[in-house]
Amino acid sequence: MIMDPITQKARQAIAEICDAAHLHPGNLFVVGCSSSEVLGEKIGTHTSMDVAEALYAGIAAELEDRGVFLAAQCCEHLNRALVVERSVMERFDFEQVNAIPQPNHAGGAFASVSWKRMKDPVLVESIKARADAGIDIGGTLIGMHIHPVVVPVRISIDKIGEAHILCARRRPKYVGGQRAIYEEDLL
């Protein structure tokens, strides 16, 4: 599999989600990823650091250009803990836990690459449902990390490699009932 198209598709997907979610610098974006699914295999069966590196290159570059923070979700063997920069942990008052993601044992390839590529990575047990948007590449279940109310986002891409993607953003809760008037750009 040629990795350049994966990097390009990942970057395009992130750009489209960020635009649709109206993200701005300082927002938090969660990524759940199965490199196995990108390769067309069952989640957790064919972990690929090469695929994870290609995905990370596109995702991290687009988020960094926008000033949006990345939270990389680990697999269920680390209870879907997340890799973030230490500065993000401190900014959002997250609690650090002690584990280092591993590609084939606990954590997964994308979390392992994130750990390796971030400047000062830490693992946090939870981001307290504080993500503003996210992407689920291959059925990894990210919804618990996004602010309520979670709204699906449709973009022009529906797969990266062979993995189906689901995108989501937060929406502020509606209050006020039928007489309320809402801000259109927050809907």
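The chain holds 5 helices and 9 strands. These come from a predicted model. Along the sequence, the helices (α) and strands (β) follow the order α-β-α-α-β-β-α-β-α-β-β-β-β-β. Helix H3, residues 49-66, gives 8 residues to the largest nonpolar core, which is the largest share from any element.

**Overall shape and packing**

- A compact globule of 187 residues would have a radius of gyration near 16 Å, and the chain has 16 Å, so the two agree.
- Along the principal axes, the C-alpha atoms fill a box of roughly 55 × 35 × 30 Å.
- Buried residues make up 49% of the 187 residues in the chain.
- The accessible surface is about 9700 Å², and carbon and sulfur atoms account for 50% of this area.
- Among contacts between residues at least 6 apart in sequence, 69% join residues at least 24 apart.

**Helix H3**

- The 18 residues of H3 should span 26 Å at 1.5 Å a residue; the end C-alpha atoms lie 25 Å apart, which agrees with that expectation.
- At the start of H3, a side-chain oxygen of Ser48 comes to within 3.4 Å of the backbone nitrogen of Asp50.
- Just after the helix, Gly67 has a positive phi of about 75°.
- The buried residues of H3 include Val51, Ala52, Ala54, Leu55, Ile59, Ala60 and Leu63.
- Glu53 and Glu62 are also among the buried residues of this helix, as are Tyr56 and Gly58.

**The largest nonpolar core**

- In soluble globular proteins, nonpolar side chains tend to be buried together.
- The largest nonpolar core in this chain has 44 residues.
- Within this core, the residues that touch the most other members are Phe29, Leu55, Ile59, Ile135, Ile137, Ile160 and Ile165.
- Helices H1 (4-20), H3 and H5 (109-117) each give two or more residues to this core, and so do strands S1 (28-33), S2 (69-73), S6 (133-137) and S9 (163-170).
- H3 gives the largest share of this core, with 8 residues.

**Ile59 and its contacts**

- Ile59 is one of the buried residues of H3.
- Leaving aside residues up to four places away in sequence, Ile59 touches Ala10, Ile14, Val31, Leu70, Phe110 and Ile137.
- Ile137, one of these contacts, is itself among the core residues that touch the most other members.

**A second core**

- A separate nonpolar core has 16 residues.
- Among its members are Leu82, Met89, Phe92 and Ile127.

How values were computed. Residues numbered from 1 in each chain as written. Predicted model: local features only at pLDDT ≥ 70, side-chain atom pairs only at ≥ 80, totals over all residues. Heavy atoms only, no water. Helix = DSSP H or I, 4+ residues; strand = E, 2+ residues; numbered from the N terminus. Expected span 1.5 Å × (residues − 1). Buried < 20%, exposed > 50% of the residue type's maximum accessible area, 1.4 Å probe, protein only. Polar contact = N/O pair within 3.5 Å; in protein donor to acceptor, adjacent residues only side chain to side chain. Core = buried A, V, L, I, M, F, W, Y, C linked by side-chain atoms within 4.5 Å. Contact = heavy atoms within 4.5 Å. Rg over C-alpha atoms; globule rule 2.2 N^0.38 Å. Areas by Shrake-Rupley, 256 points an atom, 1.4 Å probe, with all protein chains shown as cover.
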